Amino acid sequence: MKLNKKKFILALAVFNSYSNLENILFNIKNSSFNKLIKEIVIVDNDSNLLKKDKIKKIKSLSKKFHKKIHLIINSKNYGLGGSQK
């Protein structure tokens, strides 16, 4: 009997912490949970990095970790709770 393993979407809220994203994704990639993650959503909470640099970083991470990564950029800082909603 074949087990139906469900996959999920991992959502992360960030604020001026793009340098930490690579470490976080590296740890996920090397964990047993990596197989269960279908794609990743990054919610940028109006951090100081330029929009083009944010997009460039996400594209680079997507290629490096072989996962589809979506970037949502908030127009203002909603705080962690607001970004999670």
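**Figure 1. Burial and overall build of the protein.** Buried residues make up 31% of the 85 residues in this predicted model. The secondary structure comes to three helices and three strands. Along the sequence, these elements follow the pattern β-α-β-α-β-α. Along the principal axes, the C-alpha atoms fill a box of roughly 50 × 25 × 15 Å. Contacts between residues 24 or more positions apart account for 80% of the contacts with a separation of 6 or more. The accessible surface comes to about 6,400 Å². Carbon and sulfur atoms hold 55% of that surface. The protein carries 19 positive and 5 negative charges, and the mean positions of the two sets are 10 Å apart.

**Figure 2. The largest nonpolar core.** This core has 14 residues. The members that touch the most other members are L21, L25, I40, I42, I58, L61 and I69. Four elements give two or more residues each: β1 (8-14), α1 (18-29), β2 and α2. Helix α1 supplies the largest share, four residues. In soluble globular proteins, nonpolar side chains tend to be buried together.

**Figure 3. Close-up of I58.** I58 is one of the core residues that touch the most other members. Leaving out residues up to four places away in sequence, I58 touches Y18, L21, I42, I69 and L71. Among these partners, L21, I42 and I69 are also listed with the core residues that touch the most other members.

**Figure 4. L71 in strand β3.** L71 sits in strand β3. Its relative accessible area is 25%, so L71 is partly exposed. The cut-off for a buried residue is under 20%. Beyond its neighbours within four places in sequence, L71 is in contact with Y18, I42, D44, K54, I55 and I58. A11 is 60 residues from L71 in sequence. In space, the C-alpha atoms of L71 and A11 are 9.9 Å apart.

**Figure 5. D44, a buried acidic residue.** D44 belongs to strand β2, which spans residues 37-44. Its relative accessibility is 0%, so D44 counts as buried. The side chain of D44 makes a polar contact of 2.8 Å with the side chain of Y18. A polar atom of the D44 side chain also lies 3.0 Å from the backbone nitrogen of D46. Not counting residues up to four places away in sequence, D44 touches V14, Y18, K54, L71, I72, I73 and N74.

**Figure 6. N74 in the loop after β3.** N74 is placed in the loop between β3 (68-73) and α3 (79-84). N74 counts as buried because its relative accessibility is 13%. Its side chain is joined to that of S83 by a polar contact of 3.1 Å. Apart from neighbours within four places in sequence, N74 is in contact with V43, D44, N45, D46 and S83. The contact between N74 and D44 links this view to the one before.

**Figure 7. D46 and N48 in the loop between β2 and α2.** D46 lies in the loop between β2 and α2. Its phi is near 55 degrees, a positive value in a residue other than glycine. At 33% relative accessibility, D46 is therefore partly exposed. The backbone nitrogen of D46 is 3.0 Å from a polar atom of the D44 side chain. N48 is also placed in the loop between β2 and α2 (51-65). N48 has 63% relative accessibility and so counts as exposed. N48 and F15 are 33 residues apart in sequence. Their C-alpha atoms are 8.1 Å apart in space.

**Figure 8. H66 in the loop between α2 and β3.** H66 is placed in the loop between α2 and β3. Its phi is positive, about 55 degrees, although H66 is not a glycine. The relative accessible area of H66 is 65%, so this residue is exposed.

How values were computed
Residues are numbered from 1 along each chain as its sequence is written. This is a predicted model: local features need pLDDT of at least 70, side-chain atom pairs count only at pLDDT 80 or more; totals for chains, interfaces and linings use all residues. Side-chain values use heavy atoms; hydrogens and water are left out. Buried means under 20% relative accessible area, exposed over 50%, partly exposed in between (1.4 Å probe, protein chains only). Contact means heavy atoms within 4.5 Å. Accessible areas come from the Shrake-Rupley method with a 1.4 Å probe; for residues, only the protein chains shown count as cover. Lys and Arg count as positive and Asp and Glu as negative; His and the chain ends are not counted. The place of a charge is taken as NZ of Lys, CZ of Arg, CG of Asp or CD of Glu. A polar contact is a pair of N or O atoms within 3.5 Å; within protein, one must be able to donate a hydrogen and the other to accept it, and residues adjacent in sequence count only if both atoms are side-chain atoms. A nonpolar core is a set of buried Ala, Val, Leu, Ile, Met, Phe, Trp, Tyr and Cys residues joined through side-chain atoms within 4.5 Å.
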